[in-house]
Amino acid sequence: MKKNGVCWLFWASLVFAQAQAPLENRQVKHLKVTILSTMLADDGIGEWGFAALVEADGQAVLVDTGARPDTVLSNARDLRADLSQVREVVLTHFHQDHTGGLIALRVEMKKRNAAALSRVHVATGLFYSRPLPDGSEGNSMVAVRPKYEAAGGQFVEHARLAEVLPGVFVTGPISRKFPERNWSGTGKVRTPTGLVEDTVPDDQSVVVNTTEGLVVITGCGHAGIVNILTATSDSFGHKPIHAIIGGLHLFQAKDEQVEWTADKIKGFGVGYLIGAHCTGIESLYRLRNRIGLDRRTAVVGAVGASFASGEGIHPGRIAQ
Ligand SMILES: [Zn+2]
Ligand SMILES: [Zn+2]
């Protein structure tokens, strides 16, 4: 009886270890994240939008596609980033300032490689209808979907955390533990349960499990950066958050909200912050001071700025 009990425990721990293995074992040794669309730019084009190229141990994923059709194409060309060799794309949410370049990028890159930018990872809810008061469709992705599929592309919908490259994950929809309410609109979304306030339920982030810690790449961070970090930390055994890169949608936030956010971020052990896109300039500097980071470890993100394993932030000229 005792022997059976020990055997069962051994077997159960093996099964548990296997269930845990994918997240903990898949580690990226070398990561480089380069911003391809945001407001600030040394060279190239700045715009209200976001995109970043994530290179992880020789593979790559494009996170968001900028607002205007040509911004990411042009900035990638200037920065000598070859998107024709990138297959995977992540769209962080449906907003046009993150999805506007998708069709132009696919059409242009497939001339060089049929597989280029041919698979797009989205979270459940990205295609939900957003009816406007005049009855028209407020979600441009409803029309983009058939165009992208006609160009040979494929969408993969995620309801939960999923690995898109070894050690590189999409979070899927984020549970909203804290009432951060980091979105601007007063829009409505048609979900399977009815027409409700659009909280951007499809907002997801990219998490890279590096040997230095977790690196979180957000688009607009509509789910709230604290909710995003909480969900990420829970999924990866409370490993420290090494870096945050992207939009935190705090440009309109009151001082108290920024201070609350900073205190929470500090609690996750965050070592680097590139606040791009909708983070807000004032909010970035308030976060930096209160978290206890400095100009080497926290900057406003610019087109061409990057974060690399073992090196930290290369901010470019204007944001240094
Ligand atoms: Zn947005
Ligand atoms: Zn945005």
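**Exercise 1. Determine whether Lys 111 is buried, partly exposed or exposed, and find the salt bridge in which its side chain takes part.**

Step 1. Lys 111 has a relative accessibility of 61% and therefore counts as exposed, where exposed means over 50% relative accessible area, buried means under 20% and partly exposed lies in between, with a 1.4 Å probe and protein chains only. This is a predicted model, in which local features need pLDDT of at least 70 and side-chain atom pairs count only at pLDDT 80 or more, whereas totals for chains, interfaces and linings use all residues. Residues are numbered from 1 along each chain as its sequence is written, chains are lettered from A and ligands numbered from 1 in the order in which they are written, and side-chain values use heavy atoms, with hydrogens and water left out.

Step 2. The side chain of Lys 111 meets that of Glu 108 in a salt bridge of 3.0 Å, N to O, the term being reserved for a side-chain nitrogen of Lys or Arg within 4 Å of a carboxyl oxygen of Asp or Glu. Glu 108, at 32% relative accessibility, counts as partly exposed.

**Exercise 2. Identify the salt bridges that Arg 286 forms with Asp 255 and Glu 282, and place these residues in the chain.**

Step 1. With Asp 255, the closest N and O atoms of the salt bridge are 3.6 Å apart. This pair links distant parts of the chain, since Arg 286 lies in helix α8 and Asp 255 in helix α7, 31 residues apart; helices are DSSP runs of H or I with at least four residues, strands are runs of E with at least two, and both are numbered from the N terminus.

Step 2. With Glu 282, the closest N and O atoms are 2.7 Å apart, and because Arg 286 and Glu 282 are 4 residues apart in helix α8, about one helical turn separates them.

Step 3. Arg 286 is partly exposed, with a relative accessible area of 32%, and Asp 255 is partly exposed as well, at 35%. A search of the whole structure finds 13 salt bridges.

**Exercise 3. Describe the site of the zinc ion (ligand 1) and state which residue it shares with the zinc ion (ligand 2).**

Step 1. The protein donors of ligand 1 are His 93 (NE2), His 95 (ND1), Cys 220 (SG) and His 222 (NE2), lying 2.1 to 2.7 Å from the ion. Donors are N, O and S atoms within 2.8 Å of the metal (3.2 Å for Na, K and Ca), and water is not among the atoms, so sites may look incomplete.

Step 2. The 4 donor atoms subtend angles of 87 to 171°, which makes the arrangement irregular; four donors would count as tetrahedral if all angles lay between 85 and 135 degrees, four as square planar and six as octahedral if opposite donors were over 155 degrees apart and all others between 65 and 115, and anything else is irregular.

Step 3. The two zinc ions are 3.5 Å apart, and Cys 220 coordinates both. His 93 lies in the loop between β5 and α3 and Cys 220 in the loop between β13 and α6, so the pair ties together parts that are 127 residues apart in sequence. His 93 is buried at 0% relative accessible area, and Cys 220 is buried at 3%.

**Exercise 4. Carry out the corresponding analysis for the zinc ion (ligand 2).**

Step 1. Asp 97 (OD), His 98 (NE2), Cys 220 (SG) and His 277 (NE2) coordinate this ion at 2.1 to 2.2 Å.

Step 2. The angles among the 4 donor atoms run from 88 to 159°, and the site is irregular. Asp 97 belongs to helix α3 and His 277 to the loop between β15 and α8, so this pair ties together parts that are 180 residues apart in sequence.

Step 3. Asp 97 is buried at 12% relative accessible area, and His 277 is buried at 7%.

**Exercise 5. Work out how strand β14 pairs with β13 and β15, and how the chain crosses between these strands.**

Step 1. Strand β13 (residues 213-218) pairs with β14 in the parallel sense over 5 bridges, pairing requiring that DSSP finds at least two bridges between two strands. The chain crosses from β13 through helix α6 to β14 in a right-handed β-α-β crossover, meaning that, with the strands pointing away from the viewer, the path from the first strand over the helix to the second runs clockwise.

Step 2. β14 and β15 likewise pair in the parallel sense over 5 bridges, and the crossover from β14 through helix α7 to β15 is right-handed.

Step 3. In β14 (residues 241-247), 7 of the 7 residues are buried, so this strand is largely enclosed by the rest of the structure.
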